[in-house]
Every structure is written in C-alpha cells, then in structure tokens.
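Student: I've got a model open and I'd like to go through the words people use for its parts. Can you take me through them?

Tutor: Sure, bring it up and ask away.

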Amino acid sequence: MKKVYLDNAATTPLRPEVIKAMTDVLNEDFGNPSSTHSFGRSAKNNIEISRKTIAKLLGCTASEIMFTSCATEATNFILHNAVKSLAIQHIITSKIEHHATLYTVQNLQKTYNISVSYVKILPNGNIDLQDFERLVNEATTQTLVTFMHVNNETGVVLNIEDIGSICRKNHLLFHCDMVQSVGKINIDLAQLPVDFAVAGAHKFHGPKGVGFAYIKKNIPMQPLLTGGEQEKGLRAGTEATHQIVGMAKALELSYLHLEEEKQHITAIKEYCIARLKTIFTDVKQNAESSFYTILNVTLPIDEAKAAMLLFNLDIKGIAVSRGSACQSGSAKPSHVLAEYLPNSELKKPSLRLSFSHYNTFEDIDYFIEAVQSI
Ligand code: PLP
C-alpha cells in the first residue's frame with residue numbers, strides 16, 4: 001500500500017547519512033565518554049565535535065549547548081532552574097505554547113507558588129505584542145518570559161526578535177521553544193535577544209531521544225539529575241554518543257540543504273492549498289500567515305464524515321494530524337485553536353498537515369484523492 005507521511009511537525013524520518021553516522025558510532029565507538037582510555041576519549045571527542053558543530057550552526061559557543069534527551073527535558077531543566085536557581089517568581093507566557101512549556105509552568109506555579117501571566121492571543125493566532133508590553137511594564141526583574149518561535153499546530157511565527165528586545169530593555173530573561181524552527185530557518189543566537197532555547201533532533205530528521213538546551217553563558221544553573229559529572233555536572237548520566245552524533249549530522253545537513261529544501265516544501269504546501277481549494281471552495285486556513293512546513297485547515301465536510309476523517313486517511317496509508325475538534329476519538333478541541341477560533345469554527349473538522357523535503361507532488365495528489373473519496 002502507498003504510504004504518505006504528512007505529519008512532519010510530529011516527527012520526521014531520519015536522513016540516510018544520519019543513520020550511517022549513528023551506526024558507525026554504534027559499531028566503532030562504544031566507549032563510555034567518561035572513561036580515560038582511548039575508547040572513552042574517542043567517544044568524548046565525538047560528543048565535543050558534535051557540540052561544536054551545533055554551536056557553529058546556531059551562532060553560539062559550544063559551552064552554551066547542553067545535551068538532553070529531548071526538548072521537553074530541556075524546557076523542564078531551564079524553567080525549573082529559573083525558579084530554583086535564578087529566583088524567578090513570575091512567568092509570562094501564552095496559552096498557545098506546547099504542553100512541554102504549559103504544563104511545566106503550571107507545575108511550577110503549583111509547587112513553588114510563582115505567579116503566571118498569559119498574554120492575549122489575537123484573532124490571527126499570534127500573541128498580542130501590546131498586551132505583552134503591558135505585562136512587562138507591570139513586571140519585576142524576577143520575571144521570566146517564555147514563548148515558542150513557531151507554533152507546532154498552526155505554524156504561526158512569533159516575532160521573537162521584538163519579544164527578546166522588549167525583554168532585554170526590561171532586564172527580563174527570555175526562554176524560547178525553537179523546536180519547530182531549528183534546522184528549518186537560519187538562527188543566529190549571537191544576534192537574537194534570547195537567553196535560553198531548546199530543540200529536539202527528531203524534528204529535523206535526526207533521531208528521537210536527544211535534544212539540547214542553549215543556555216547563554218554566565219547564567220548559573222544547577223543540576224536536576226545528580227550522580228555524575230557529564231554536561232559540566234548539570235545533567236548526570238552516560239551520554240548517548242550515537243544520538244548526539246546523529247543530531248549534529250542532521251542539523252548540519254538541514255542547514256546545508258536549507259534553501260533548496262525550503263523552496264521545495266513551500267511549493268508542496270502551495271500546491272496542497274491550491275488543490276484543496278479546487279475541491280472545497282470554502283476551505284479555510286486556520287492561520288493566515290504560517291511557517292512553510294505547516295498547514296492547518298478547516299474542511300467544510302459534514303460531521304459524520306469528519307468524525308472518521310483521520311481514521312479513513314490512515315486506512316489509505318496517509319498520516320496527518322487532527323487540527324481541532326472531536327476527531328479520532330478525542331473529545332477535546334486543540335488548546336491552541338481554542339484560544340482564538342470561535343466555538344462554531346472549533347466544531348468543524350480541521351487537519352494539520354506538515355511537510356518535509358521528502359514529500360512529493362504525487363503525495364499531495366494521493367491525499368487529495370483520498371479526501372475526495374471520503
Ligand atoms: N515544543 C514544540 C513546539 C513541539 O512541537 C514539541 C514536539 O512536538 C515539543 C516542544 C517537545 O519536543 P520533544 O519531543 O523533543 O520533547
């Protein structure tokens with residue numbers, strides 16, 4: 001059966017070169033990076049080369065990159081540290097954040113009694129910068145700001161340059177979830193007014209189970225996991241050398257091919273929108289302006305068909321994600337769309353399609369045929 005994968009915001013397939021780099025390490029570099037003999041030194045060397053590669057691609061220094069098991073862990077590390085080590089008592093964020101941020105902030109609020117302010121969301125799905133400035137003006141310096149760069153459900157792009165500048169002017173720390181943008185857009189951490197950032201390799205054609213935190217130099221942090229000196233003592237536990245090497249290779253290739261792949265993905269997305277418009281005159285994009293890899297659309301189909309939409313696409317070998325309402329057995333609407341779409345819109349079926357350079361125009365044709373036949 002033909003398989004079409006249009007869920008690249010959830011995870012991406014590995015590039016063959018990444019698999020090769022990882023298996024080379026698994027085969028030949030099994031040493032413990034903490035061992036002082038040649039096996040250990042070789043593994044350690046691989047980790048430090050990977051750290052330098054990632055740092056160079058993102059415009060920071062190697063010592064500012066800390067490896068973690070995923071972006072969720074990196075966000076937990078930073079936000080918990082903000083409260084425990086940096087005396088943060090107030091967090092400004094938004095309700096369109098990924099649960100990695102939202103639930104961590106809620107947990108900190110419950111455990112440490114910090115206060116949390118949520119910025120207003122505009123009808124276009126982006127954050128209200130004026131409301132953000134108002135919140136900042138009322139805030140003390142014991143406040144941390146956390147916003148994502150690209151929303152994983154809608155593709156809305158937040159203006160992190162302006163957000164960061166406002167933070168800098170007011171001496172506030174800024175944490176940015178860059179999971180959907182790292183490897184897909186040039187990022188220069190030397191220029192961006194960001195203090196903390198996080199990413200996960202599996203979103204840019206690297207392996208699952210590895211990510212990293214960017215922590216601007218001279219910000220003191222404490223370990224959440226203790227028991228070893230790995231990652232400057234901040235994250236104990238034997239490093240997964242093959243994962244780290246795979247992540248660096250994936251990021252390197254993403255930036256090497258960025259322009260051509262971006263062009264291809266943009267063309268695929270535009271083609272998909274155009275084809276959807278030929279079958280549904282009133283198909284609606286849930287974000288007027290969205291990142292080139294993500295398309296969230298509401299489809300004008302009746303409830304009975306909508307309920308089975310994802311299931312029926314799955315039967316045909318097509319992977320997409322639900323966009324909003326009660327599809328695929330979920331009774332809850334998307335917490336992101338619920339922030340800015342009216343109830344009447346939330347009830348309608350929507351889909352999140354997310355693309356990679358592996359997608360072809362034929363994939364889109366197959367998807368369109370499948371939607372038409374449902
Ligand atoms: N933040 C965003 C915007 C995401 O899309 C995701 C994953 O879907 C995460 C955080 C969590 O990333 P990880 O799977 O690396 O923990």
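What follows is a chat about a predicted model, term by term.

Student: Let's start with T101. What makes T101 buried?

Tutor: T101 has a relative accessible area of 0%. The cut-off for buried is under 20%, so T101 is called buried because its 0% falls under that cut-off. Its place is in helix α4, residues 99-112.

Student: Which residues does T101 touch?

Tutor: Leaving out residues up to four places away in sequence, T101 touches T75, L79, T93, T146, H175 and D177. Contact here means heavy atoms within 4.5 Å.

Student: And L135, how do you know that it's buried?

Tutor: Its relative accessible area is 8%. Buried means under 20%, so L135 with 8% counts as buried. L135 lies in helix α5, residues 129-138, and touches I92, S117, Y118 and V119, again not counting residues up to four places away in sequence.

Student: How far is L135 from K217?

Tutor: Their C-alpha atoms are separated by 27 Å, with the two positions 82 residues apart along the chain.

Student: What makes A55 buried?

Tutor: A55 has 2% relative accessible area, and with the limit at under 20%, A55 is therefore buried. A55 sits in helix α2, residues 38-58. Its contacts, beyond residues up to four places away in sequence, are C60, T61, A62 and I65. The C-alpha atoms of A55 and I65 are 6.8 Å apart, while the two residues are ten residues apart along the chain.

Student: I65 brings us to β2. What is meant by both faces of β2 being covered?

Tutor: I65 and F67 are on one side of β2, M66 and T68 are on the other, and all of them are buried. In general, side chains of a regular strand alternate between the two faces of the sheet.

Student: Which strand does β2 pair with, and how do you know that they pair?

Tutor: β2 pairs with β8 in the antiparallel sense, over four bridges. Pairing takes at least two bridges, so with four bridges β2 and β8 count as paired. F67 stands opposite F212 of β8.

Student: Why is β2 called an edge strand?

Tutor: The order of this open seven-stranded sheet is β2-β8-β7-β6-β5-β3-β4, with mixed pairing. β2 (65-68) and β4 (115-118) each have a single partner strand, so one side of each has no neighbour in the sheet. From one strand to the next, the twist averages 20°.

Student: What makes the pairing of this sheet mixed?

Tutor: Set the pairs side by side. β2 and β8 pair in the antiparallel sense, whereas β3 and β4 pair in the parallel sense over four bridges, with H90 standing opposite S115 in β4. β6 (residues 173-177) and β7 (residues 196-200) also run parallel, joined by three bridges, and C176 has A197 in β7 as its bridge partner.

Student: Which helices pack on that sheet?

Tutor: Helix α3 (residues 71-84) is one of them, touching β2, β5, β6, β7 and β8, and its direction makes about 160° with that of β7. Helix α6 (residues 160-169) packs on the sheet too, touching β5 and β6, at about 160° to β6.

Student: There's an open sheet of four strands as well. What is its order?

Tutor: The order is β9-β10-β13-β12, with antiparallel pairing. The edge strands are β9 (284-285) and β12 (321-322), each pairing on one side only.

Student: How do you know that β10 and β13 pair?

Tutor: Five bridges join β10 (residues 294-298) to β13 (residues 350-354). At least two are needed, so five bridges make β10 and β13 a pair. L295 stands opposite L353 in β13.

Student: Now the ligand. What makes the approach of K203 a polar contact?

Tutor: A polar side-chain atom of K203 lies 2.5 Å from an oxygen atom of the ligand. The limit for a polar contact is 3.5 Å, so K203 at 2.5 Å qualifies. For H202 the separation is 3.0 Å and for H98 it is 3.4 Å, so both of these are within the limit of 3.5 Å as well.

Student: How much of the ligand does the protein cover?

Tutor: The protein covers 88% of the 400 Å² of accessible area that the ligand has on its own. Among the surrounding residues are C70, A71, T72, M148 and N152.

How values were computed
Residues are numbered from 1 along each chain as its sequence is written. This is a predicted model: local features need pLDDT of at least 70, side-chain atom pairs count only at pLDDT 80 or more; totals for chains, interfaces and linings use all residues. Side-chain values use heavy atoms; hydrogens and water are left out. Helices (H or I, at least four residues) and strands (E, at least two) are DSSP runs, numbered from the N terminus. Buried means under 20% relative accessible area, exposed over 50%, partly exposed in between (1.4 Å probe, protein chains only). A residue is near a molecule or strand if one of its heavy atoms lies within 4 Å of it. A polar contact is a pair of N or O atoms within 3.5 Å; within protein, one must be able to donate a hydrogen and the other to accept it, and residues adjacent in sequence count only if both atoms are side-chain atoms. Accessible areas come from the Shrake-Rupley method with a 1.4 Å probe; for residues, only the protein chains shown count as cover. Axes are lines fitted to C-alpha atoms, for helices over the stretch in contact, and angles run from 0 to 180 degrees between N-to-C directions.
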